[in-house]
Amino acid sequence: MSTHVESRKRRGTHIPQLAPLSFTVITMVLFVLFFVMPGGLGLYYAFTDYNGVGSPDWIGLENFANLFQDEDFYSALLRTLTYTALTVPLGFAVSLLSAWLLTHPRTKGVGPARVIFFLPWLVSPIVAGVIWRWLFGESFGLVNYLLSLVGLAPVSWQSNANLSLAVVIMAGIWGGMAFSMLLFIAALKNIPQSYYEAASIDGASTWQQFWRITLPLLRPTSFMVVLLSTIAAMKEFALIISINGGGPGTENYLMVQYIYSTGFERARIGYASAASMVLMVLLLIIAGIQMRFDKGAEYE
Amino acid sequence: MSTDTTTRPSADTTPRRRSSSEPRRWGPVVFQTAALWIMAFAFIVPLAWFILSSFKPAGELFRYPLTLFPENWSVEGYTTAWSRYDFALYFRNTAVVAIVTTVLTVIVSAMTGFAFAKYKNKWLKVFFICILATTMLPTEVIMPSTFIVIRDLGLYNRIAGVIVPSIITATGIFMFRQYYRSVPDELLEAARIDGASEMRIFWSMMLPLAKPIAFTLAIFSFHWRWNDFIWPLLVLNDPNLYTLQVALRSIVGAENIDWSVLLSASVISIIPMAFVFILFQRYILNADLNSGLKG
């Protein structure tokens, strides 16, 4: 019990105006330095011929005009969209299925299985790349060896661009699934058991229960998973660097790798910034569409 | 074993259990368990093949027929990796980055999350939206200009250049904000009446209160930073400052990959994360991520 009130300024009801500022000032400085400034500078560089040294010269829309005629850019953009369009739904299905099996009372042996599903989370994208590259080596990989055992010809997992991307997709799902699975597990556990009991008394099959009860109730989590995994897929970089370096050749360059190689290996900061801005706008559009779809997505 | 048949429609945090009155049907049990284990098998094969291969002597790695287990277990790859590359140094660099960033991330996220939860100002609201927007716009996407900013701040080729830009995370701030919103305002009011300053209230009362959140965020932040690749790649030029991921990339990106060394080196790099997982498995697998990421 303290009665020092009278000796001090009365603070009981009024909150010092500077307090919230002192709590957030570090975040503000870092936010301005590493989000606002790169964003603003990037927009500015996109209209210049900046190469990292000297002063940038304003060249108007030239970068964008060149970009839209740049085959490498289109190829990287298309590859990124393909990768995202395949990884996101497949990853969604795999993580939801595993979470559903893990939380369903009829499934046995969930403890060790849950740990197994989670192990890829520990592995960095670079190491995940090493693991899958090793598994799908054309002349030495386990997969081609097993195919040869059943009399099949070795598959060109590295020299064929599409198959090479397929390996990246598998690795991406394998490596990125754990987090979505955890989100789904938490949400599934929050669905009251009584809903299922009532449904099964009414004679609903497990399949019907899944479509009519589970899936609708998972809507907010599903939205979150799709949004997060779309963003993650659009900026994939380390995994593909490690699996095939964007190869064969440059056929599997994804957007971030394209930006990296134009910006840093060829020192065309201005041009790379223009590509960044295009990717940024694309991400904004995707986020906007998904926000519209999910009416329950409020942060309050 | 208690079977709770009187479940209320409110949220139930225990795993679903069927009431014992339902007749046992073995078909679905077998089917679902088989499905689960086939999936689990598919998930563990890549990892198992990778780890077992790392214990094969270099000569055995490519010798047909391939065998699952090494014929002669060997740590040759490990000793070569350790002696040819300065792994002790890469470990130290990565540990410094991961630990320092994590400590700063937890403190800064807690302070910011606290402010967002407990003060009502217009500018705070606007700033909160700005922070949320950063999850939609990852900085990897604008790395050319981010790199220029880091360079002009004099952080290029310094460990600090990897640490400072990674401190703020919307996820961390959001986790703390959600948590502090559930702390009653009366607690704050009481402390204010006692004459404690806002900073003191935060450090001596609010921060200790949020220990579980701090803990979860610390594990995740450590994981993000240990496995991070893109910023160390951009910022660090001197091989003496390389983190593990950048060092591994230089092995995998080589013209002729030395698989024996690469496999062992990769396994070594996972060991710390494996320890974190074994020690904190409970916190990671049970982290109620929904409450952290969603309102």
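This short talk goes through the two chains of the structure above, first each chain by itself and then the contact between them.

Before anything else, please keep in mind that what we are looking at is a predicted model, and that the values I quote are computed from its atoms.

Let me start with chain A, which has 13 helices and zero strands, so that, read from the N terminus on, its elements run α-α-α-α-α-α-α-α-α-α-α-α-α. As for its overall dimensions, the radius of gyration of chain A is 25 Å, whereas the globule rule gives 19 Å for 300 residues, and because the first value is well over the second, chain A is more spread out than a compact globule. If we take the principal axes as our frame, the C-alpha atoms of chain A fill a box of roughly 85 × 70 × 35 Å. Within this chain of 300 residues, 44% are buried, and of the contacts in chain A with a separation of 6 or more, 68% are between residues 24 or more positions apart.

Turning to chain B, we again find helices and no strands, here 14 helices and zero strands, and the pattern along the sequence is accordingly α-α-α-α-α-α-α-α-α-α-α-α-α-α. Chain B has 295 residues, of which 39% count as buried, and among its contacts between residues at least 6 apart in sequence, 73% join residues at least 24 apart.

For chain B there is also a domain assignment, which gives domain 1 as residues 28-74 and domain 2 as residues 82-293. The C-alpha centres of these two domains of chain B lie 33 Å apart, and the contact between them involves six residues of domain 1 and five residues of domain 2. On the domain 1 side of that contact, the residues divide into four nonpolar, two polar and no charged.

That brings me to the question of how many residues of chain A are in contact with chain B. The count is 95 residues of chain A, and they meet 89 residues of chain B. On the chain A side, the largest share comes from helix H1 of chain A, residues 19-45, which contributes 18 residues. As to the chemical character of that same side of chain A, it divides into 60 nonpolar, 25 polar and ten charged residues. I should add, with some care, that the size of an interface is often given as the accessible area lost when the parts come together, whereas the figures I have quoted for chain A and chain B are counts of residues in contact.

Conventions. Residues are numbered from 1 along each chain as its sequence is written. Chains are lettered from A and ligands numbered from 1 in the order in which they are written. This is a predicted model: local features need pLDDT of at least 70, side-chain atom pairs count only at pLDDT 80 or more; totals for chains, interfaces and linings use all residues. Two residues are in contact if their C-beta atoms, placed from the backbone, lie within 7 Å. Helices (H or I, at least four residues) and strands (E, at least two) are DSSP runs, numbered from the N terminus. Ala, Val, Leu, Ile, Met, Phe, Trp, Tyr, Cys and Pro count as nonpolar, Asp, Glu, Lys and Arg as charged, and the others, Gly among them, as polar. The radius of gyration is taken over C-alpha atoms; the globule rule is 2.2 Å times the number of residues to the power 0.38. A residue is buried if 20 or more other C-beta atoms lie within 10 Å of its own, exposed if 12 or fewer, and partly exposed in between; C-beta atoms are placed from the backbone. Domain bounds come from an automatic or database domain assignment.
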